[in-house]
Amino acid sequence: MDFYGFYTGKIFDAYEFLGAHVDAEGVVFRTFAPGAVRVSLIGEFSQWQEWNMNKIYDGNFWECRVKEASPGMMYKYRIYGQNGSWTDHCDPYGFGMELRPNSASIVRELHSHAFQDKEWMDSRTDCKEKPLNIYEVHFGSFRKPSSKQDEWYSYTEMIDILIPYVKKTGYNYIELMPLSEHPCDESWGYQNTGFFSPTSRYGTAGELMAFIDACHQNGIGVIMDFVPVHFAVDSYGLAYYDGTALYEYPHAAVGVSEWGSSNFMHSRGEVRSFLQSAANYWLKEYHADGIRMDAISRIIYWQGNPERGVNKNAVDFLKYMNQGLKGMYPTAILAAEDSTSYPGVTKPVAQGGLGFDYKWDMGWMNDTLSYFQTAPLYRSQNYHKLTFSMMYYYNDSFLLPLSHDEVVHGKATIMQKMSGQYEEKIPQARALYMYMYAHPGKKLNFMGNEIGQLREWDEKREQDWLLLDYPVHDAFYHFMKDLHELYLKHPAFWAKDYDREGFSWLDCAQEEKCVYAFERRGEGERIAAVFNFSDQECKDYELKIPSCTQAQLLLDSTRQSASEKTQAQAKKSKVEDEVLVLTLPPYCALYYKLYE
């Protein structure tokens, strides 16, 4: 390891030196604990008796070689502070951990899986000019083998459960909510104790590698959720690891997050090297196709509050990490969850940006859901909530998210959010999703959105798949499947997502009627998207479409049966003098392929 690089926050491979590493002579254990006066190793190989670790290099690192240790064995570091007290810690760089509430690290062989995904890895891109339809998944509550809280399908079992469903439903990427080990189920993985340890809830490191490999062999990319802002306060984790504030700030005013967790001190080189190495670890060792970074606003601004100013050291860390990761993995996706207006989030670092590929468009999400929660009678007053997104859209490369955060804790599911009674919600949801998939930007939906989930997400229960026994929800699922397939097939929806030539308004001045229309273009294809978001029929609506003589219906949100769709899509409508005359039913969305 480059020790100078470690201290100055310049390296991405600290995990190759620190942690527990299996070799021909047993296992070598190394940890970084500069504030400790003594460190001992305890584990199964010693019947949990203390074996002293030796200081190495400059005295801040501790090492112990154990011939008796082997993969699968548990261990901890007993760290003695300056006051003589000690605490047993899991390994910050450990590759495996026990299931909560237990907290020992587990020796794992890093290269225990032989990947068979070369074709995928050689051909993958960042999808800027390709379709990107992401299915966000909480691994433990997609499906469950029983109703018991502590029973889950394994990484291996999910190969035959999740992957076929994702392919069938028309998603081409999966985003996995954090799989780094975490003690509290209710944190959903966002408060970690093991940044290098895939959670043991679902199996081992090698089994997760096998799952990702299987995804690739089925044409599905995998994005890992990563938490570079904060960590769990459990005493066996990173908190006061060597008896001092090693990873965290020493002052609570900036050291405690709004979630009660500890904020990383990003100005410290050792912390930067830790986080950079963790990000690299998932991309390199697990062949992850990207990283979605959580709560980036809390890195940009002190405590996420613009009024407290920019945290320059943390921003510099972010730039250096992103630039380094993109240099090593130019085809990997780096996505930021960021709700601020901080400039240049998705610009390259060399151009003064933060170096992300995509930024979640939280403004689009909030405005869109607010609009659909508003009763149709009042939507004319909020008409431009749906036009505003294109006023700022080209400032960054945006991704449109309807994520887990929108379907929990009293927020209601996407289907529930639609205004009106149950029978009015489904046609509005169909129109909403057609608006989403036609709008510029890549797509992300949380599991359950595609079946019209009505119960808020609960990490302890699987999705309500029994809804598919009801014809109206089964029809909604098949509508979403058709929509996804249409999106993946037609380059007008994605080839020029970040090019002004890829989008133009056809009509955004129908405030009283709540009618909108715009055109998407890409790879020589033109598609018009027309929407009536009112509860009133709009008769004889005249849509001006420049340089168009014919229009072929691709999808109509109001058509229920396959025969209706086939009959409608088999014919082209003539466009007289560049004007298409339409009758728009309530809550209607239409896609037309245009011909000159």
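A salt bridge here is a side-chain nitrogen of Lys or Arg within 4 Å of a carboxyl oxygen of Asp or Glu. With that in hand, let us walk through this structure, which is a predicted model.

**Salt bridges**

By this rule the count comes to 36 salt bridges. Three of them are set out below, each with its N to O distance.

| Basic partner | Acidic partner | N to O distance |
|---|---|---|
| Lys 284 | Glu 16 | 2.9 Å |
| Arg 100 | Asp 185 | 2.7 Å |
| Lys 593 | Glu 525 | 3.7 Å |

Take the side chains of Lys 284 and Glu 16, which meet at 2.9 Å, N to O. This pair links distant parts of the chain: Lys 284 belongs to helix H6 (residues 269-285), while Glu 16 sits in the loop between helix H1 (3-7) and strand S1 (19-23), 268 residues apart. Lys 284 has a relative accessible area of 39% and is therefore partly exposed. Glu 16 is partly exposed too, with a relative accessible area of 38%.

Next come Arg 100 and Asp 185, whose side chains form a salt bridge at 2.7 Å, N to O. Arg 100 is in the loop between strand S8 (86-89) and strand S9 (105-106), and Asp 185 is in the loop between strand S12 (180-181) and strand S13 (194-198), so the bridge ties together parts that are 85 residues apart in sequence. Is Arg 100 buried or exposed? Arg 100 is buried, because its relative accessible area is 14%, under the 20% cut-off. Asp 185 is likewise buried, with a relative accessible area of 10%.

In the pair of Lys 593 and Glu 525, the salt bridge spans 3.7 Å from N to O. Lys 593 lies in strand S29 (residues 588-595) and Glu 525 in strand S24 (residues 525-532), so the pair ties together parts that are 68 residues apart in sequence. Lys 593 counts as partly exposed at 24% relative accessibility, whereas Glu 525 is buried at a relative accessible area of 8%. Salt bridges that share partners also build one network, which joins Arg 100, Asp 150, Glu 181, Asp 185 and Arg 201.

**Aromatic pairs**

The count of aromatic pairs comes to 75. In one of them, the ring centres of Trp 364 and Tyr 435 are 6.3 Å apart and their planes meet at 20°, so the pair is stacked. Trp 364 is in helix H9 (residues 362-373) and Tyr 435 in helix H12, 71 residues apart, and the pair links these distant parts of the chain. Both Trp 364 and Tyr 435 are buried.

**A nonpolar patch at the surface**

Helix H12 (residues 422-438) also holds Tyr 422. Together with Leu 466, Tyr 470 and Val 472, Tyr 422 makes a nonpolar surface patch of about 390 Å². Tyr 422 is partly exposed, with a relative accessible area of 35%.

**Helix H3 and its buried side**

Which residues of helix H3 (residues 162-169) are buried? They are Leu 162, Ile 163, Tyr 165, Val 166 and Thr 169. These residues cover an arc of only 165° around the axis, so they lie on the same side of H3. The buried residues of H3 pack against strand S10 (133-137), strand S11 (173-176), helix H4 (205-217) and helix H13 (471-489). Just after H3 comes Gly 170, which takes a positive phi of about 95°.

Technical notes: Residues numbered from 1 in each chain as written. Predicted model: local features only at pLDDT ≥ 70, side-chain atom pairs only at ≥ 80, totals over all residues. Heavy atoms only, no water. Patch = residues over 30% accessible without salt bridge, like charges linked within 9 Å, V, L, I, M, F, W, Y side chains within 5 Å. Areas by Shrake-Rupley, 256 points an atom, 1.4 Å probe, with all protein chains shown as cover. Helix = DSSP H or I, 4+ residues; strand = E, 2+ residues; numbered from the N terminus. Buried < 20%, exposed > 50% of the residue type's maximum accessible area, 1.4 Å probe, protein only. Arc of directions from axis to C-beta. Contact = heavy atoms within 4.5 Å. Phe/Tyr/Trp six-rings, centres within 6.5 Å; stacked < 30°, edge-to-face > 60°.
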